[in-house]
Amino acid sequence: MSPFTALHLPARPDLTDEQVRAAWRAIAARTHPDRPDGGDPAAYAAAAAAYAQLRTPWGRSEALADLTATTDIPAPQPTAPAPARALWRAVAVLPARIRHGRPLRLAVRAVIAAAVAVTALTVIPGTASAPAIVAGSALWWLLTARGDLAPPPGR
Amino acid sequence: MSVWGLLRALAVLWLLRQALRLVRALVTAAALIAVWPVTTTAAIAAFAAWLRGWPAARLYRAAAWSTPMTGVYLLAVALHAHGWRAVALAPARDWRTASRLAEHGHILHAALLTAPVAVPAGLAVGALAWAGRINAVTAGVAGRSAYAPAAFDARQWRRQVRAARGALAAPGTVPLVTRAGTVPAGPVIRAVGRRWTPVLAIPAASFTRHMVIVGSSGSGKTNLMIRLWAGWYAAAAQATRRGKPRPLLAALDCKGGPDARAKASRTRRVLHGVGARRVGIWPDEATLSLWDIPARELAVLLHQMTEHGDGAAAYYADVSQAVLTMAVCAPGGPPRSAAEFLDRLDPGWLAGAYADARPAELTALRAAGPHLGDIQLRYATLLNRLGPALDGPGTITDADAWYFILEGTREPSVAETQAMAITELIAHAATSGNAEPRAMLLAADDYSAVSRRVPLSNLYERGRSLGLGVMVSAQSWQGLGSDDDERYRIAATADGGLWLMNTPYPEPLVQLAGTRRVLETAHKLIGATWGDEGTSRIQHAWTADPDLIRQLATGQACYIHRGTATYVQIARPRPSPLPLPAARTPARTVIIPPARTSASGNGHHGAPTVPLPPVGLDDVLGPGAAP
């Protein structure tokens, strides 16, 4: 069990000393062996060990590092993901990138692009210009959407 | 010819010229009306560029990105029509249809019908027109007054800044690193002498060279530096996945103070976001061991760490160096701690260690004997002032990034010595053949605070010789070195680029960007108004305008590289809010113990005292909580 889990804290780099201490106090109050019901010595011990590790920024840095490590020390191994896996990973994080970006603007752009496309298909159906405008609207949306997405992890 | 005849000839010539002008204007107007879809798009594009301060290059890019729409249009025509002739004439046929529709008031219908060809063509024509307008006004051949070029430039600058700031609001515009491994700095405000791009991205290779950052206090230097550090780290980490060495960042904050702690904490947060696993903050949270340096280098470093005089003092300096060399390079191996080193500066210990030495060494030992007490006292004082953070354990390569806080403002002499030691440790890490090779970046913020004994040029050249990337910052031109020779040595060798932020004296630095040729036009005055005659000539103007640099607002920078200048709005460094992928294999634990609290007032903040976990419920919730 990670020390973050033991203290019911999210594994994030921006945790403060106060947050960690507050989490520890809450768990200690619930699980301390001196309580009338005997507490939960195992949970208390786990939380105490976790607090000892996470109470300083350096300790949190170490713990977080162990959670997010992708390569071992010392031998660096080429771990470039295969193209298919990279593509799948990019698609998998897309919802989170939208959520953490500017979803409203993205939606407004999508509505504008869709409106232009629908207008073209309605006003000039059967002409060569209609599919061209649909393609142009879609391209415009794709090119401008990137700015409204949050960067992928690690960037 | 009579006077009357001459006047008549002149009048005819004038009328002819005016007629030609009129004809030209009418033909142009007819052509513009004839291709009204293109004209309309071009006018809208040029107006938008004027309003937003866009360069013509932006319109050209938009035109290029619109051509797929034209491609789809032609493809659709080709699927229905037979023969290339029908495909080639399709735009003209649609234009004719659209013109008829427009005459009957069906504007939307007409615009949609012609858009696939009119949009790219209009954008390109608009870009041409806008580029022509910029050139004409800048050269002084357009505008209503002599002040027009200056007013135009000032207005466009304001609009360019506004557009660049607007681009910052988009979260995905300026990530810390791109997929290609370049490091974006921020949206481009203006590019001089180089191709315009929406965002200035620095190739990772530039970081393996040397960068100089000059900006006064409050100019946004910290943001820029943290962004560059994190971007470099992320780019190097990407390269690690392709088998390149792991990155190691060493940032020296040479001014120190409470701000340095906040900056260190922020740096760590950003570095965590790009995958740095262990970020050591020295001396508050992590220690290093000076005694890891090989014996010979350690003896030289220890000698250099103390101040020496000239004249008679040189003799004692030589004696001190000889003793240090004997103590550090003793047969049993180098000392492993400050206490062990000080123990060695004792006649008894040295006599024992060198019991089997050659007669010459024994003679030297006897000669140095009377001075040993003084030397020990001097080094005990020095090591005490340096504090426990250099007395280990811990090595540079244990971490992914280090943030060294040197109290250069409060305790300059201690900070200078610490800087010497840390630089030596970094050099050792870079050259050690036994350790894992690392891609290293050595960054020194406000190095002038500690540069009295180790000049910046020395650090710089050291980095070059070791193959490290070196990034240095100063608050002004004067802060780069003690004299102009040294300043020019540093600035002129910054082949990774020169960042200029708001600074009151940028002239020596803008010289490094050189000049560019511009057209300067002089008008003939007729009374108090301009005539239509004048002269133009090629003049040289600064590529990086010093007056513009003096007026840069907070967060704006001018990046000078290979004779070009790019003005950038620096984006605040924020890592992606998305969590990094979870580890598939746990990392090997490398422990850097926290620094011991200094009891001797060693010139820096001691490690924060952290209470041990409470053992009783009263300790958790206060007295009376336990039942």
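These legends accompany close-up views of a predicted model.

**View 1. Chain A, an all-helix pattern along the sequence.** Let us start with chain A, where 8 helices and 0 strands are found. Reading along the sequence gives α-α-α-α-α-α-α-α. Of the 155 residues in this chain, 32% are buried. Among the chain A contacts with a separation of 6 or more, 49% join residues that are 24 or more positions apart.

**View 2. The two domains of chain A.** Here the chain is shown by its domain assignment, with domain 1 covering residues 3-68 and domain 2 covering residues 83-148. If you look for the C-alpha centres of these two domains, you will find them 45 Å apart.

**View 3. Domains of chain B, and where domain 2 meets domain 3.** Chain B is assigned a domain 1 at 35-157, a domain 2 made of 183-288 + 392-569, and a domain 3 at 292-386. Taken over C-alpha atoms, the centres of domain 2 and domain 3 of chain B are separated by 39 Å. Domain 2 of chain B brings 10 residues to the contact, and domain 3 of chain B brings 9 residues. On the domain 2 side, the touching residues are 4 nonpolar, 5 polar and 1 charged.

**View 4. Helices α9 and α15 of chain B packed together.** In this view, α9 (residues 295-305) packs with α15 (residues 412-431) in chain B, the axes being 10 Å apart and the angle about 165°. An angle over 145 degrees counts as roughly antiparallel, and α9(B) and α15(B) are therefore roughly antiparallel to each other. Their crossing is right-handed. On the α9(B) side, look for E297(B), L301(B), Q304(B) and M305(B); on the α15(B) side, the contact is made by T417(B), M420(B), A421(B), E424(B) and H428(B). By type, the residues of this contact comprise 4 nonpolar, 3 polar and 2 charged.

**View 5. A260(B) and its surroundings.** The last view settles on A260(B), a residue of helix α8 (residues 258-273) of chain B. With 20 or more other C-beta atoms within 10 Å a residue counts as buried, and A260(B) is buried because 24 other C-beta atoms lie within that distance. Leaving aside residues up to four places away in sequence, A260(B) touches D253(B), K255(B) and I405(B). You can also pick out R572(B), which is 312 residues from A260(B) in sequence and 18 Å from A260(B) in space, C-alpha to C-alpha.

Technical notes: Residues numbered from 1 in each chain as written. Chains lettered and ligands numbered in written order. Predicted model: local features only at pLDDT ≥ 70, side-chain atom pairs only at ≥ 80, totals over all residues. Domains from an automatic or database assignment. Contact = placed C-beta atoms within 7 Å. Nonpolar A, V, L, I, M, F, W, Y, C, P; charged D, E, K, R; others polar. Axes fitted to C-alpha atoms, helices over the stretch in contact; angles between N-to-C directions. Helix = DSSP H or I, 4+ residues; strand = E, 2+ residues; numbered from the N terminus. Parallel < 35°, antiparallel > 145°, perpendicular 65-115°, else oblique. Left-handed = near helix turned anticlockwise from the far one by under 90°. Buried ≥ 20, exposed ≤ 12 C-beta atoms within 10 Å, placed from the backbone.
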